[in-house]
Amino acid sequence: MSAQPHGGVLVNRLASEAERPALLDRARTLPRVPITARTLSDLELIAMGGFSPLRGFLGSADYHEVVEHMHLANGLAWSIPVTCSATAELADSLREGQTVALVLGAEPVAVLELEERYRYDKQREATQVYRTADEAHPGVQALYQQAEVLLAGPITLLRRPQLAGPLEAYHLDPAKVRKLLAERGWRTVVGFQTRNPVHRAHEYIQKCAMEIFDGLLLHPLVGETKSDDVPADVRMRCYEALIKDYYPADRVLLAINPAAMRYAGPREAIFHALVRKNYGCTHFIVGRDHAGVGNYYGTYDAQRIFEEFADGELGITPLCFENTFYCRRCGGMASTKTCPHPAEARVSLSGTEVRALLQRGELPAVEYTRPEVAQVLSDSMRSAHPNP
């Protein structure tokens, strides 16, 4: 049986087909609060239950407990604040108990039952959640760009965002994923998170997990990422190519996570695990520098943070892996736990090095990534940067 939702109930805050027209008409007459694409991702995950038990944006009591202690005010584990900001001028024009429309561009996307308005310390949130106040950190930069007042209360999403092209086929909400897991009879399900194109090290740890558990939920994140990250549609084509030729179809479920990346390292590893618990996973893969960026976090900090929670508290078990690579002397994939050979025997490329190869029209070595995946990346690179 798949994991129970975090908090015990899978939240649903999506307007029904019957109530949507009247709610949309009403939303067009309400005070308007502009939001970002990142906030829209959060709205979708709240509404579809991916952020269960959240029913809306955090109030001040929950916010401060999450920032300081990685728990909600009721004691339930939660590691990342999920908030909606507004300018002081706009917030002052609103009142508690009022319903407001959340708008992206000109169109209302959700309504918020405003329960609270409060100010917050961005630098404190940065140092606690991201472990740095450096605005060069992409997550901290996004935080500093938020407005100065937070609006709290339950939300209702007017309609679920539609994704472009092939992504929509994998746009499965937690209830749908749970139904598919049950139909397949998977009692133990391991989740895998990535914002990067899949390579042999990913494949290796995924297949190690598949030896142990009933099934694998491949759950790449497709929300807002850094500008130099590979686009989501390209990453999905890489997964499709890999699954087609190298995975047993009845042991893998590919779906997408519409969340935006925070790049919060250890805290985000907990966050990602809890989201996958809501999608039905019993276990979650945590590799080297999970959700990290630059040199802000230690290589295995995202694994060690799970030790800060009591046994069974999270309701999902981390599956921790050392750095993995292809070793020419071993003649196969290995990790620092199993390979005694020096670094020069190991095939390991940075994302920058891979992009440089592709820009030159060269494919990464088969020891780094499968040829089919390399070809998808190469074709994408040529389309994005055609020769003059």
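Student: In this predicted model, which residue has its backbone nitrogen 3.0 Å from a polar atom of the side chain of Thr-132?

Tutor: The side chain of Thr-132 has a polar atom that lies 3.0 Å from a backbone nitrogen. Thr-132 itself is placed in the loop between helix H5 (122–130) and helix H6 (138–144). The residue that supplies this backbone nitrogen is Asp-134.

Student: Is Thr-132 buried or exposed?

Tutor: Thr-132 touches Ala-126, Thr-127, His-137, Val-140 and Tyr-296, not counting residues up to four places away in sequence. Its relative accessible area is 13%. Buried means under 20%, and therefore Thr-132 is classed as buried.

Student: How many residues are in the largest nonpolar core?

Tutor: In soluble globular proteins, nonpolar side chains tend to be buried together. Among the members of the largest core here that touch the most other members are Phe-51 and Trp-78. Leaving aside neighbours within four places in sequence, Trp-78 is in contact with residues including Phe-51, Val-66, Met-70 and Leu-274. Another core, which includes Tyr-170 and Ile-285, lies apart and has 39 residues, whereas the number in the largest core is 79.

Student: Which strands stand at the edges of the open sheet E14-E13-E15?

Tutor: The three strands of this sheet pair in the antiparallel sense. Each edge strand has a single partner strand, so one side of it is left without a neighbour in the sheet. The edge strands are E14 (332–335) and E15 (346–347).

Student: At about what angle does helix H8 run to E14?

Tutor: Strand E13 (residues 324–327) pairs with E14 over four bridges, and Phe-325 has Ala-334 in E14 as its bridge partner. Helix H8 (residues 200–210) lies across both E13 and E14. Its angle to E14 is about 75°.

How values were computed: Residues numbered from 1 in each chain as written. Predicted model: local features only at pLDDT ≥ 70, side-chain atom pairs only at ≥ 80, totals over all residues. Heavy atoms only, no water. Helix = DSSP H or I, 4+ residues; strand = E, 2+ residues; numbered from the N terminus. Buried < 20%, exposed > 50% of the residue type's maximum accessible area, 1.4 Å probe, protein only. Polar contact = N/O pair within 3.5 Å; in protein donor to acceptor, adjacent residues only side chain to side chain. Contact = heavy atoms within 4.5 Å. Core = buried A, V, L, I, M, F, W, Y, C linked by side-chain atoms within 4.5 Å. Pairing = 2+ DSSP bridges. Axes fitted to C-alpha atoms, helices over the stretch in contact; angles between N-to-C directions.
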